[in-house]
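Please look at the chains below. This report covers the sheets, the helices that pack on them, and the interface.

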Amino acid sequence: MKAVYKYPKSLKRAPFHYCPGCGHSVAHRLTCEVIDEMGLQERVIGIPPPGCSVFAYNYFDVDMAESAHGRGAAVATGIKRAYPESVVFTYQGDGDLAGIGTAETIHAANRGENITTIFINNAVYGMTGGQMAPTTLRGMKTTTTPYGRDHILEGHPIRMSEILALLDGVAYIERVAVNSPANIRKAKKAIAKAFQVQLDGSGFSMVEILSPCPTNWKMTPIKSWQWIDEEMTKVFPLGVYKDVTEKKVAD
Amino acid sequence: MTKVLMDGNSAIAEAAIRAGCQCYFGYPITPQNELTEYMALNLSRRKGCAFVQAESEVAAINMVYGASVAGARAMTSSSSPGISLKQEGISYLAACELPAVIVNMQRGGPGLGSISAAQSDYFQATRGGGHGDYRTIVLGPSSVQELADMTMRAFDLADKYKIPVIILGDGVLGQMKEPVEFKREAPTVLAVREGSLRGAKGRPSRIIKTFTSNPSELEEINWSLFRRYTLIKKEETTFETFLTEDARLVVVAFGIAARIAKGAIKNLRAEGLKVGLMRPITLWPFPDEPLKEMAKTIKQYLVFEMNMGQMLEDVQLALAGQGEVAFYGRPGGVIPNPSEVARVIARLYYQKGLK
């Protein structure tokens, strides 16, 4: 009989603390499945951020070192430079990567550090209670944009995949979503590709995951899935933004 | 062993390489750039080593954190404004019990201040510096030779006690050239620290973290840190005394100020004034017991610092009213010469009727 479901080896058997409908648990599981399938469990060092996923180390059964807020890419740089045989990934939210850690992210990417970033974009600061994130959509209500994000006063949502794709050190960037079985399958492929790019030593790789936050969006899980399709992907279109491996084939 | 003429910043870098420093992460700031540049020249292409000119001081210290997580001897260096930026990372290093060496070639402050030598980061260095209850070992060198020796000692202490170690130098020490002897050869094999993260091969996965939602757990982490600090205080406190046996007045000074004070004291001794020097070498742990012991026989102290009186508070705490403490300080990057300091010492000496 063919196994259709298996608990990933690199996912600890601990119940997730995430809210119902949250995308983190799906992103965790996908990453663990990839780590298993690529046989990386004994080589991986993961870097979780402050935020909802600070407890990622309770779920990933790999070596993990917590980073200060936004500093994941710098910590990953230190680990990878000290121990190049490791496979290093950061797991970062939008406030972490696109707000307080923008400089670390951009420069690690630009240096072409051989690290992989899993970037969870849910358009809010989750753990602190739903404040405006750098990725909050225009008009979106959060606890710090109670009148809806007005770009005149509060700026525009920042598109990190597009920005990072411009940098020469970047090897692979794809934006995916975890709001449907089809998208989840695509997300897994993207994560696997990002790790492969790191193994090949091609440079910086990142998978941006549009991820539902029903609690702070004040939506049902199903509605939050729909909202990603209907609203979020208009501002953050899904797709591959950079892939140097494709270029090599085209040459 | 032969002596070479070298500036202080370069001497630290050379000593670090010989101490087995595998990773250096830095960001340009005067007056410590020779250190970063020496590492770029001599460490960046060294087998198994890494050098990154980071995008910021914040990034540099977090790279140090990463390298230390992976078990490497790692360091960064900067000067006062840059050290302020590193405090976030130093707090995390302390919390995670990760060794690291951080060099602060102090310059005048506050703010952007000046690029001239100062000692105004004493509080920041000796009180932890970042958020949370923690300490770092702080070494106060006063010559290029000491910079080299202390850099080697700093890496050893950091590993031994799993703690960040700060070398609190200043712009003069960094820039001036003196003969220096390096007492170790660079290791041929770089050691990997026990308990580091190198992938969970043949062992359960490991976590290096600071966050906990359980205050009792965090309280115990704090207590365990402070149990180790007590041990460090007992084992590692170091200081120098100079002509104190018969002294009626003792100058307490650290780093370059102690060097200046020593010159003043030599001149005053030639004139027959019974003055001596007490120089804390570890600024944390501060040598308060030796000072207390000294206060049994010597009652007059003059604290001299290139700031507005920071170590002064440690001297006052140590003496606890047993002696009289005066203070002379020049802040902002002004470097007094020995004759100026001699005048201040002599005035106090005669004023207090110590002749």
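Helix 12 (residues 338-351) of chain B lies across strand 11, strand 12, strand 14 and strand 15 of chain B. Helix 12 of chain B runs at about 145 degrees to strand 11 of chain B. The model is a predicted one.

The strands under helix 12 of chain B belong to an open sheet of five strands. Its order is 10-12-11-14-15 (chain B), and the pairing is mixed. Strand 10 (239-242) and strand 15 (324-329) of chain B stand at the edges. Each has a single partner strand, so one side of each is left without a neighbour in the sheet. Direction ignored, neighbouring strands are turned by 20 degrees against each other on average. Strand 14 (residues 300-305) of chain B pairs with strand 15 of chain B in the parallel sense, over six bridges. Within strand 15 of chain B, Val325(B) is the bridge partner of Tyr301(B). Helix 9 (residues 255-270) of chain B also packs on this sheet. Helix 9 of chain B touches strand 10, strand 11 (249-252), strand 12 (275-280) and strand 14 of chain B.

Chain B has another open sheet, of seven strands, in the order 3-2-4-5-7-6-13. Its pairing is mixed too. Here strand 3 and strand 13 (282-284) of chain B stand at the edges; each has a single partner strand, so one side of each lacks a neighbour in the sheet. Strand 6 (residues 137-139) and strand 13 of chain B pair in the antiparallel sense over two bridges. Leu139(B) stands opposite Thr282(B). Helix 6 (residues 144-161) of chain B packs on the sheet, touching strand 5 (100-106), strand 6 and strand 7 (164-170) of chain B.

The packing angles are set out here.

| Helix of chain B | Strand of chain B | Angle |
|---|---|---|
| Helix 6 | Strand 7 | about 165 degrees |
| Helix 9 | Strand 12 | about 165 degrees |
| Helix 12 | Strand 11 | about 145 degrees |

Now the interface. In chain B, 34 residues are in contact with 29 residues of chain A. Helix 3 of chain B gives the largest share of chain B's side, nine residues. By class, that side has 20 nonpolar, eight polar and six charged residues. Strand 2 (residues 63-65) of chain A and strand 9 of chain B run parallel, joined by two bridges. Met64(A) has Ile207(B) as its bridge partner.

Helix 8 (residues 215-236) of chain B has 22 residues. The number buried is zero, so helix 8 of chain B lies largely in the open. At 1.5 Å a residue, helix 8 of chain B should span 32 Å; its end C-alpha atoms are 31 Å apart, which agrees.

Key:
Residues numbered from 1 in each chain as written. Chains lettered and ligands numbered in written order. Predicted model: local features only at pLDDT ≥ 70, side-chain atom pairs only at ≥ 80, totals over all residues. Helix = DSSP H or I, 4+ residues; strand = E, 2+ residues; numbered from the N terminus. Expected span 1.5 Å × (residues − 1). Buried ≥ 20, exposed ≤ 12 C-beta atoms within 10 Å, placed from the backbone. Contact = placed C-beta atoms within 7 Å. Nonpolar A, V, L, I, M, F, W, Y, C, P; charged D, E, K, R; others polar. Pairing = 2+ DSSP bridges. Axes fitted to C-alpha atoms, helices over the stretch in contact; angles between N-to-C directions.
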